[in-house]
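Q: I would like to learn how surface exposure, ring pairs and helix bends are read from a model. Could we go through them one at a time?

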Amino acid sequence: MDSLFLYKIIILYMLDRIDEYTLTNTQLTNFILDNGYTTTFNIHEALSELIDSGFISVSTIRDTRHYKITNLGEEALFYFENRLPKPIKDDILRYFKEERINLKNESEIYADYYMNDNQEYTVECIIKERKDVLLDLKFNVPTHEMAVSISNSWRAKSTDVYSYLMKELVSNPDTEQHPQD
């Protein structure tokens, strides 16, 4: 079996088994390198070819590449998964079991920012649960430093912010009465 083909199947299998999340370039690379399957160059060549053929999609969030399997990739994996050796499948499943919380946190809670038309920065802070978006908060800030600071602190503070917003938005104000029109 062609080595590059094997690396592609490993990547597709990983992305298929973690389908409710994305995997970052670092997560994929670390798994493959830590298990001694190949070199960084070969991983990036396989990823590039998978993207070019439409088997995986890539998005960039704050300079981090996130990969997701496409329908075409799922179809290809269906035909070739049996060529992936069982010990490698077991390594992948063990990795996901051991790293589940880290993988989940990295792909479900994230923030990004960009310069908008008003020459300010729009910061987008997201919390996802599986494929559902629980919170997508966007706001403008005047400086790059503020955008970076908010983005960097989002993961650590997201649970508190979400809890606060839910509490405030769901609570019934006792003192405020609105007359009927």
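A: We begin with exposure: a residue counts as buried under 20% relative accessible area, as exposed over 50%, and as partly exposed in between. The model here is predicted, and in it Tyr-79 is exposed because its relative accessible area is 53%.

Q: Which residues form a nonpolar patch on the surface with Tyr-79?

A: Phe-78 and Phe-80 join Tyr-79 in that patch, and together the three have about 380 Å² of accessible area. Phe-78 has 66% relative accessibility and therefore counts as exposed, whereas Phe-80, at 32%, counts as partly exposed.

Q: How many aromatic pairs are there, and how is the geometry of a pair read?

A: Rings pair if their centres lie within 6.5 Å, and planes over 60 degrees apart count as edge-to-face. By this rule there are six aromatic pairs. In one of them, Phe-5 and Phe-80 lie 5.3 Å centre to centre with 85° between the planes, which is edge-to-face. This pair links distant parts of the chain, since Phe-5 belongs to helix 1 (residues 3–17) and Phe-80 to helix 4, 75 residues apart. The rings of Phe-78 and Tyr-79 have centres 5.3 Å apart and planes at 80°, so this pair is edge-to-face.

Q: Where does helix 6 bend?

A: A bend is read as the angle between axes fitted on either side of a residue, and helix 6 bends by about 70° at Lys-157. The 27 residues of helix 6 (residues 144–170) have end C-alpha atoms only 33 Å apart, short of the 39 Å that a straight helix would reach.

Key
Residues numbered from 1 in each chain as written. Predicted model: local features only at pLDDT ≥ 70, side-chain atom pairs only at ≥ 80, totals over all residues. Heavy atoms only, no water. Helix = DSSP H or I, 4+ residues; strand = E, 2+ residues; numbered from the N terminus. Expected span 1.5 Å × (residues − 1). Bend = angle between axes of the 7 residues up to and from the residue. Patch = residues over 30% accessible without salt bridge, like charges linked within 9 Å, V, L, I, M, F, W, Y side chains within 5 Å. Areas by Shrake-Rupley, 256 points an atom, 1.4 Å probe, with all protein chains shown as cover. Salt bridge = Lys/Arg side-chain N within 4 Å of Asp/Glu carboxyl O. Buried < 20%, exposed > 50% of the residue type's maximum accessible area, 1.4 Å probe, protein only. Phe/Tyr/Trp six-rings, centres within 6.5 Å; stacked < 30°, edge-to-face > 60°.
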